[in-house]
Amino acid sequence: MDNIYKPELVEIKEIIDETPDIKTFRLQFKNPELQNSFKFKAGQFAEYSVFGEGECTFCIASSPTRPEYLECSFKLAGKTTSAMTKLNVGDTMGLRGPYGNSFPLEQMKGKNIVFIAGGIGLAPVRCIIWNVLDLRDQFKDITIICGARTVADLVYKNEIEDWKSMSGIKTVVSVDPGGETTDWKGEIGFVPTIVEKVSPSANNTIAILCGPPLMIRYTFPILEKFGFKEENIITTLENRMKCGLGKCGRCNIGSVYVCKDGPIFSYKELKTLPQEY
Amino acid sequence: MEELIISIDNLKEIARELFNNDCRVIGTTAENKFKVIDDPEQLILNPNSVPTGSSFKEFFFPKTEPLFFYKQNNSSIDLIDPVIDKSRIVVIGAKPCDAAALPIISKVFNWDYKDDLFNTRNDNSLIIGMSCHYNDEFCFCNDVGGSPENRKGSDVFLKPLADNYFKAASVTPKGEAFIKEYQKYFEKDLGKNKPLVRKEENPNHFDYDKVKTWLDNNFENKFWDTAGEMCLGCAQCAFVCPTCHCFDIVDEQNGSCAGRRAKNWDACQFSLFTKHASGHNPRDNQEKRYRQRISHKFKYYNDKFDEILCTGCGRCSRGCPVSLDILQIVEEINSLSQKSNAI
Amino acid sequence: MNELKQICKDALSEKKARFIIGYKEDKNKRIKPFIAKTPEDAEQLTFNHHAVNNLAVYLPRFKNNVEGKIGIVVKSCDLKAVTALIQENQIKRDDLFIIGVNCSGVVLDIAKEFNKDNTQIKCKYCQAKTPPYYDALADESKDFEMPDDDQAELMAKIDKMTSDERLEFWNAEFEKCIKCYACRQVCPMCYCEKCIVEKSEPQWIDTSSTARGNFSWNIIRAFHMAGRCIGCHECERACPMGIPLTLLTRKMGMVASSEFGYRHGMSLTEPTLIGTYSTSDKEDFIK
Ligand SMILES: Cc1cc2nc3c(=O)[nH]c(=O)nc-3n(C[C@H](O)[C@H](O)[C@H](O)COP(=O)(O)OP(=O)(O)OC[C@H]3O[C@@H](n4cnc5c(N)ncnc54)[C@H](O)[C@@H]3O)c2cc1C
Ligand code: SF4
Ligand code: SF4
Ligand code: SF4
Ligand code: SF4
Ligand code: SF4
Ligand code: FES
């Protein structure tokens with residue numbers, strides 16, 4: 001029997017405390033052959049599990065250009081994520097995947113890219129950022145706008161510093177008003193406001209947008225105002241999932257299964273779907 | 001092909017033989033419930049009976065089933081596949097609205113990824129369908145592409161004749177092989193037993209194409225504010241339904257080092273079904289959840305799999321604690337579609 | 001009937017109620033819950049032997065959402081649920097416009113005609129066919145033939161069982177459960193925003209429909225009904241698997257009444273059994 005619900009075993013190789021409630025796990029398959037044969041594309045997700053606690057959905061936060069390991073960044077939310085926070089390096093987890101569609105990497109080549117992320121939404125965006133940076137010469141100008149509620153809530157702090165120091169990349173980091181510390185040197189404001197301030201050019205540009213539903217909702221009109229075409233605004237959805245396989249029936253938006261037909265959608269595609277996300 | 005008939009007694013004999021050969025024989029008894037028949041004498045085939053309270057989907061897609069077991073020894077973990085009962089499942093006397101459900105849900109269990117838990121049971125099954133002579137205000141098989149004579153999903157199909165005989169015909173190669181296997185129980189039809197016919201034709205209630213077109217264009221419509229207003233958000237309707245197939249995945253510990261991951265029936269009418277971990281819920285009221293139920297059945301599934309996710313058996317309505325009647329809801333949509341045409 | 005329609009029409013047009021939760025008859029002559037929002041809607045309101053639903057189940061929905069009063073049509077037995085909800089601070093008496101109906105018994109099986117064998121057992125013991133309090137009252141109660149109380153016979157039988165036999169009896173019943181939660185959803189007293197079966201940290205009850213999961217679900221729900229069930233029989237009527245759920249809740253109600261002299265939903269001002277401690281409470285059940 002081919003058991004599509006049975007995960008493969010992975011081992012935690014490294015744990016990074018990103019924020020008080022977000023951690024990044026670096027994982028490796030217990031079976032080294034799988035580590036070599038496991039292929040995925042930026043934007044895809046997987047089902048991660050702690051045996052006896054449950055399974056949950058996270059995007060793969062590392063880049064496919066770095067196949068020696070897989071990373072996921074997760075925020076403490078409920079049963080499984082709280083069990084995950086109690087795990088240590090060397091512990092075993094389950095992983096099924098990769099599932100879903102991916103960012104349109106081919107379509108992005110030769111273009112300027114604006115990455116916009118809020119909170120834990122930077123996880124899937126980080127995957128595609130490194131993917132793009134590892135193939136740097138195939139893309140034009142790159143802008144990264146990321147925000148968090150407070151300074152403490154910013155994820156991937158070291159990598160943000162890396163991006164800032166790289167040439168040909170404009171990196172803007174912001175925290176919500178009230179979330180700044182006295183020595184905060186970045187921007188202060190909600191992500192949509194910062195996007196407005198940065199005012200990226202829509203010319204030959206693709207925008208990748210990921211974050212909480214409200215952030216996305218308020219950023220769309222701003223990008224449209226700057227002249228971005230609907231098909232050049234790409235976002236990801238996070239409908240609740242269980243199977244990731246188009247079976248369990250909970251992730252649908254109208255006739256679309258987000259786990260199979262998504263989670264990546266262009267704004268143009270989103271507009272054809274009922275407002276149920 | 002030769003026309004065959006079989007007596008109820010011989011059907012029971014087949015059931016007995018199957019039972020003795022470790023098959024799971026599913027049929028209805030005096031209680032009018034599908035169950036594993038261990039005493040063939042109790043088997044009842046009554047074309048006039050009301051559809052059973054629950055469908056027989058639980059024998060293919062159980063209310064709870066293990067996906068795998070895990071065992072932890074020190075730092076290593078073993079994952080053990082579940083043992084799926086591979087014994088043959090023979091359903092005797094399925095109504096057309098029951099039998100039709102299997103090929104319908106087989107599509108979702110098999111597009112792209114294949115669910116072998118369902119497939120193993122489905123592949124090892126044989127469905128003996130039977131014409132239906134029942135009809136009540138909740139039945140509407142003929143509005144959703146079925147009929148009381150519809151053979152979809154059946155491998156062998158029976159038509160009741162006088163004196164407890166049935167005309168038997170194979171529908172699929174599987175059914176043909178089955179009749180051959182048990183040919184000693186079948187007789188040639190000499191036309192002695194008159195066919196029993198249903199008293200009246202089933203009425204037509206709505207035009208599916210119109211309903212579908214209306215649903216295509218009316219995700220936002222004030223109709224939805226009242227359609228599901230009284231719905232209590234239980235899962236009676238989904239769990240008795242032959243075509244509902246949603247499930248949850250949960251882990252259960254059995255001691256500190258072992259346990260299982262299970263697949264359990266779940267339903268879109270539960271408020272937590274779509275609730276995100278952040279607390280955000282795209283379907284945050286019962287009206288939206290009811291819209292999902294109706295739209296999934298009569299639009300989304302059709303868009304995706306070219307099947308209506310409903311066989312018109314009427315179970316959901318017969319059992320609804322607040323008498324929400326899916327047929328009346330669809331009839332209302334039908335008349336709304338007529339109105340919007342008139343404008 | 002006309003009286004009920006008129007009362008509701010007037011209540012809506014005089015804005016005594018913002019809307020009225022009542023019953024209507026559909027085109028197949030089924031009686032079902034319905035919310036009348038306009039005086040015209042009130043034309044559809046009706047009441048008869050088939051008006052089984054305990055409409056109090058809808059009240060907690062409007063708990064935080066009241067502008068003007070909620071009208072509700074209640075039988076005497078349903079009023080107990082309304083009273084209990086008021087006692088448990090789920091709704092305020094002042095936020096309700098209660099339209100009492102004089103009841104002459106309701107059916108057990110909604111698909112069948114009303115007669116002696118198709119009458120709910122609770123009707124036999126209903127002491128007030130006119131609701132004890134209301135803001136308006138409709139219709140005349142008629143005498144009807146009382147059903148037999150088969151449940152009491154079964155209860156007596158179960159009482160005589162050994163605990164092993166009893167366990168076997170209930171295991172066989174609970175095995176049928178499919179965890180559809182219809183029993184919970186129809187129950188006016190099951191209003192928790194997060195039911196215990198949905199609490200996952202820790203996981204009190206297995207959500208799977210296994211023997212273990214079913215047993216803990218059904219027993220824990222019954223425990224949560226101790227001294228709270230008002231005996232409307234809706235859970236048992238709703239259960240698609242035919243599990244005799246009220247055997248448990250009725251028994252516990254009887255214990256609450258014999259041991260503590262308490263019956264829920266009988267007085268707007270009486271403190272609830274679960275919420276009070278009295279020095280005269282028996283403690284011999286703590287062993
Ligand atoms: C495509 C996709 C990608 C994602 N990527 C990421 C990512 O990269 N990083 C990340 O951190 N998150 C991501 N998420 C979100 C993540 O899947 C959830 O946060 C995670 O599944 C929570 O799992 P849990 O077991 O800890 O929470 P659960 O315990 O399952 O639920 C958490 C909360 O949901 C509610 N809830 C859910 N079910 C119930 C129930 N039965 N009863 C009561 N309340 C309930 C409760 O409020 C509970 O606190 C992604 C989601 C999707 C769909
Ligand atoms: S339609 Fe009826 S059976 Fe279905 S969820 Fe609503 S109340 Fe329950
Ligand atoms: S939706 Fe209702 S009528 Fe349709 S198949 Fe399911 S139970 Fe039968
Ligand atoms: S109607 Fe609801 S429960 Fe049934 S299959 Fe569709 S989404 Fe699932
Ligand atoms: S437990 Fe049953 S009988 Fe008691 S109040 Fe709830 S629904 Fe009514
Ligand atoms: S209504 Fe019956 S089957 Fe459904 S959860 Fe309650 S006891 Fe179980
Ligand atoms: S997550 Fe199960 S169908 Fe999409």
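Let's begin with A:Lys23, whose bridge partner in strand E5 of chain A is A:Phe74. Keep in mind that this is a predicted model. The strand that pairs with E5(A) here is E2, residues 22-29 of chain A, and 6 bridges join the two. They run antiparallel.

Those two strands belong to an open sheet of 6 strands in chain A. Its order is E4-E3-E6-E1-E2-E5, with antiparallel pairing. Which strands are at the edges? They are E4, residues 54-59, and E5, residues 70-75, and each pairs on one side only. From one strand to the next, the twist averages 40 degrees. As a reminder, strands of a sheet pair through backbone hydrogen bonds, either parallel or antiparallel.

Staying with chain A, the domain assignment gives domain 1 as 8-99 and domain 2 as 105-236. The centres of these two domains, taken over C-alpha atoms, are separated by 24 Å. Across the boundary, 21 residues of domain 1 of chain A are in contact with 15 residues of domain 2.

Chain C also has two assigned domains: domain 1 is 2-139 and domain 2 is 150-260. Here 26 Å separate the centres, again over C-alpha atoms. In chain C, 19 residues of domain 1 are in contact with 16 residues of domain 2.

Next, chain B. An open sheet of 4 strands has the order E5-E4-E12-E11, with antiparallel pairing. Why is one side of E5 and of E11 left without a neighbour in the sheet? Strand E5, 76-80, and strand E11, 247-253, stand at the edges of this chain B sheet and each has a single partner strand, so there is nothing in the sheet on the other side. The twist in this sheet averages 20 degrees from one strand to the next. E11(B) is joined by 7 bridges to strand E12, residues 258-265 of chain B, and the two run antiparallel. In that pairing, B:Phe247 stands opposite B:Trp265.

One residue elsewhere in chain B is B:Val25, in strand E2, residues 24-28. Is B:Val25 buried or exposed? Its relative accessibility is 1%, so B:Val25 counts as buried. Leaving aside neighbours within four places in sequence, the residues in contact with B:Val25 include B:Leu18, B:Phe19, B:Ile37 and B:Ile92. B:Gln42 is 17 residues from B:Val25 in sequence, and 12 Å from B:Val25 in space, C-alpha to C-alpha.

Now the cores. In soluble globular proteins, nonpolar side chains tend to be buried together. The largest nonpolar core here has 191 residues, and the members touching the most others are B:Phe298, C:Ile21, C:Leu59 and C:Val82. Helix H3 of chain C, residues 76-87, gives the most to this core, with 6 residues. Beyond four places in sequence, C:Ile21 is in contact with B:Met230 as well as residues of chain C, including C:Phe34, C:Leu59 and C:Ile72. Apart from the largest core lies another, of 61 residues, among them A:Val10, A:Phe103, A:Val155 and A:Trp184.

Last, cysteines. How many disulfides does a search of the whole structure find? The count is 0 over all chains. Take B:Cys97: the closest cysteine sulfur is in B:Cys313, 5.2 Å away, and that is too far for a bond. B:Cys97 is buried, with a relative accessible area of 10%. B:Cys237 is also buried, at 13%.

Conventions: Residues are numbered from 1 along each chain as its sequence is written. Chains are lettered from A and ligands numbered from 1 in the order in which they are written. This is a predicted model: local features need pLDDT of at least 70, side-chain atom pairs count only at pLDDT 80 or more; totals for chains, interfaces and linings use all residues. Side-chain values use heavy atoms; hydrogens and water are left out. Two strands pair if DSSP finds at least two bridges between them. Axes are lines fitted to C-alpha atoms, for helices over the stretch in contact, and angles run from 0 to 180 degrees between N-to-C directions. A nonpolar core is a set of buried Ala, Val, Leu, Ile, Met, Phe, Trp, Tyr and Cys residues joined through side-chain atoms within 4.5 Å. Buried means under 20% relative accessible area, exposed over 50%, partly exposed in between (1.4 Å probe, protein chains only). Contact means heavy atoms within 4.5 Å. A disulfide is a pair of cysteine sulfur atoms within 2.5 Å. Domain bounds come from an automatic or database domain assignment.
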